[in-house]
Amino acid sequence: QVQLVESGGDSVQGGGSLRLSCAASGFAFWNVYMGWFRQGPGKEREGVAAISPGGGNTAYADSVKGRFTISRDNAKNPLYLQMDSLKPEDSATYYCAARIRPWSGRPPTSPTSYDYWGQGTLVTVSS
């Protein structure tokens with residue numbers, strides 16, 4: 001069955017960096033769009049970044065452009081999110097997601113565009 005397992009969440013000071021990983025199994029990882037999302041306390045889940053199957057196309061939320069980088073290793077099946085220059089407002093539970101349904105074009109960043117989700121990893125950024 002489809003499994004997505006995030007790791008790498010931690011507590012860091014503002015300005016610091018973290019790299020999140022998402023181990024994927026149970027589907028053709030190399031052939032689907034993948035995304036990172038986050039949800040803070042009392043907030044709706046929002047798209048952070050998304051990537052095309054081959055990794056050549058990416059999309060980012062305006063709030064993280066220039067600070068976060070999404071990437072994937074189709075040979076080993078992990079999805080990554082490198083987060084630099086972290087801010088307290090980046091604090092949230094981060095989720096990876098897979099879109100199994102066919103798609104073409106700009107990687108989607110809406111949560112409704114994705115079919116499977118991981119359990120999340122917590123990122124806390126202190127000021």
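Let's call two rings of Phe, Tyr or Trp (its six-membered ring) a pair if their centres lie within 6.5 Å, with planes under 30 degrees apart counting as stacked, over 60 as edge-to-face and the rest as tilted. By this rule there are three aromatic pairs. One of them is Phe37 with Tyr114, an edge-to-face pair at 5.1 Å centre to centre with 70 degrees between the planes. The two rings come from distant parts of the chain, 77 residues apart: Phe37 belongs to strand β4 (residues 33-39), while Tyr114 sits in the loop between β9 (92-99) and β10 (116-117). Strands here are DSSP runs of E, at least two residues long, numbered from the N terminus.

A word on the source: this is a predicted model, where local features need pLDDT of at least 70 and side-chain atom pairs count only at pLDDT 80 or more, while totals for chains, interfaces and linings use all residues. Residues are numbered from 1 along each chain as its sequence is written, and side-chain values use heavy atoms, with hydrogens and water left out.

Back to the rings. Phe37 counts as buried because its relative accessibility is 1%, and Tyr114, at 5%, is buried too; the cut-off for buried is under 20% relative accessible area, with exposed over 50% and partly exposed in between (1.4 Å probe, protein chains only). Ring pairs also bring in Trp117, making a cluster of Phe37, Tyr114 and Trp117. Trp117 has a charged visitor as well: the charged end of Arg45 sits over its ring, 4.8 Å from the centre. Elsewhere, Arg72 does likewise with the ring of Phe29, at 4.4 Å from its centre. "Over" here asks for NZ of Lys or CZ of Arg within 6 Å of the ring centre and within 35 degrees of the ring normal.

Now for the disulfide, meaning a pair of cysteine sulfur atoms within 2.5 Å. A search of the whole structure turns up one: Cys22 and Cys96, with sulfur atoms 2.0 Å apart. The link is right-handed, with 45 degrees about the S-S bond. Cys22 lies in strand β3 (residues 18-25) and Cys96 in β9, so the bond ties together parts 74 residues apart in sequence. Cys22 is buried at 0% relative accessible area, and Cys96 is buried at 0% as well.

Finally, look at strand β11 (residues 121-126). Thr121, Val123 and Val125 make up its covered face, and Leu122, Thr124 and Ser126 the uncovered one. In a regular strand, side chains alternate between the two faces of the sheet. Strands pair if DSSP finds at least two bridges between them. β11 runs antiparallel to β9, with three bridges joining them, and Ala92 has Val123 as its bridge partner.

Terms used
Helices (H or I, at least four residues) and strands (E, at least two) are DSSP runs, numbered from the N terminus.
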